[in-house]
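Biologist: Please take me through this structure one feature at a time, giving the general idea before the particular case.

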Amino acid sequence: MTSPELIKKLEETIENIPDFPIPGIQFKDISPIFLNPKLYEEVIEDLVKFSKGKVDAVCGIESRGYLFGIAIAVALEVPFILIRKAGKLPPPVISEKYDLEYGSAIIETREGQIKPGQRILIHDDLLATGGTTEAAAKLVEKQGATVSQFSFLIGLKGLNGEEKLNKFNAEVYHILEY
């Protein structure tokens, strides 16, 4: 779906930072995309094509899921719903706990913002192991809505994130794969 030209531009723009945040990790710094408004616009257009006519709302995962997610929702003319770390939203909230490599975390959304029966796109900048995204999908389902799509700027192969999302029977899309 993504044009080879857009992939090339992104690969030339995204910076690889070795050994960050810890040794052995190859960090993909997407911040240079935001220095080029035209490139940012092309990314949004690509992500919007994936979801046009297929979703009723977009949920973005804190915080980098907001960078593209809000623009996607505006272009689709659908609501944007924040999924945040615990304690960042005023009550009432709906919560979902999930496991991390060491310990656990909780994400939340405001009660009543996701409506029963809605088709939801969950967006984040990167899909790695899929734990946070899976928790976001469970949060959506708790409220009677359906996750119909997941979208990401980047998908990381070999970390089984996409496999973790298969249980939701939703389309999964990423522009780049590493």
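Biologist: Which residues lie nearest the centre of the largest pocket, and how many line it?

Modeller: A pocket is found on a 1 Å grid over the protein atoms alone, as an open set of points where a 1.4 Å probe fits, with protein on both sides within 12 Å along at least five of seven lines, and its lining residues have an atom within 4 Å of a point. Here 40 residues line the largest pocket, and those nearest its centre are Arg64, Leu126, Ala128, Thr129 and Thr132. Two or more lining residues come from each of strands E2 (26-29), E4 (80-85), E5 (93-99), E6 (104-110), E7 (119-127) and E8 (146-155), and from helix H4 (131-142), where helices (H or I, at least four residues) and strands (E, at least two) are DSSP runs numbered from the N terminus. Helix H4 makes the greatest contribution to this lining, six residues.

Biologist: Before going on, what should I keep in mind about the source of these values?

Modeller: This is a predicted model, in which local features need pLDDT of at least 70 and side-chain atom pairs count only at pLDDT 80 or more, while totals for chains, interfaces and linings use all residues. Residues are numbered from 1 along each chain as its sequence is written, and side-chain values use heavy atoms, with hydrogens and water left out.

Biologist: How much space lies in the largest pocket, and how do its lining residues divide by character?

Modeller: The space in the largest pocket is about 1400 Å³, a volume being the space filled by probe spheres set on grid points that are joined across faces, edges and corners. Its lining comprises 18 nonpolar, seven polar and 15 charged residues, where Ala, Val, Leu, Ile, Met, Phe, Trp, Tyr, Cys and Pro count as nonpolar, Asp, Glu, Lys and Arg as charged, and the others, Gly among them, as polar.

Biologist: How many salt bridges are there, and where do glutamate 62 and arginine 84 lie?

Modeller: Side chains of opposite charge can pair when their charged atoms come close. A salt bridge is counted when a side-chain nitrogen of Lys or Arg is within 4 Å of a carboxyl oxygen of Asp or Glu, and the count here is 10. In one of them, the closest N and O atoms of glutamate 62 and arginine 84 are 3.1 Å apart. That pair links distant parts of the chain, 22 residues apart, with glutamate 62 in the loop between strand E3 (57-61) and helix H3 (65-76), and arginine 84 in strand E4. Glutamate 62 counts as buried at 18% relative accessibility, whereas arginine 84 is partly exposed at 22%; buried means under 20% relative accessible area, exposed over 50%, and partly exposed in between, with a 1.4 Å probe and protein chains only.

Biologist: Which salt bridges join residues that lie about one turn of a helix apart?

Modeller: Among them is the pair of glutamate 41 and lysine 38, with an N to O distance of 3.6 Å, both in helix H2 (residues 37-51) and three residues apart. Glutamate 41 is partly exposed at 43%, and lysine 38 is likewise partly exposed at 47%. In helix H4, glutamate 134 and lysine 138 are four residues apart and meet at 4.0 Å, N to O. Glutamate 134 is buried at 12%, while lysine 138 is partly exposed at 35%. A network of salt bridges links Glu134, Lys138 and Lys167.

Biologist: Which strands pair with E3, and are its faces covered or open?

Modeller: Two strands pair if DSSP finds at least two bridges between them. E3 runs parallel to E7 over four bridges, with cysteine 59 partnered by isoleucine 122, and four bridges also join E3 to E4 in parallel, where glycine 60 stands opposite leucine 82. The chain passes from E3 through H3 to E4 in a right-handed β-α-β crossover, right-handed meaning that, with the strands pointing away from the viewer, the path from the first strand over the helix to the second runs clockwise. Both faces of E3 are covered, since Ala57, Cys59 and Ile61 on one side and Val58 and Gly60 on the other are all buried.

Biologist: Where are the cis peptide bonds, and which residues other than glycine have a positive phi?

Modeller: Most residues other than glycine have a negative phi, and most peptide bonds are trans. A cis bond joins phenylalanine 20 and proline 21, with omega about 5 degrees, and proline 21 lies in the loop between strand E1 (15-18) and E2. Another cis bond runs from proline 91 to proline 92, with omega near 0 degrees, and proline 92 lies in the loop between E4 and E5. Aspartate 19 has a phi near 60 degrees and is partly exposed at 48%. Asparagine 169 has a phi of about 50 degrees and is exposed at 74%, in the loop between helix H5 (161-165) and strand E9 (171-177).
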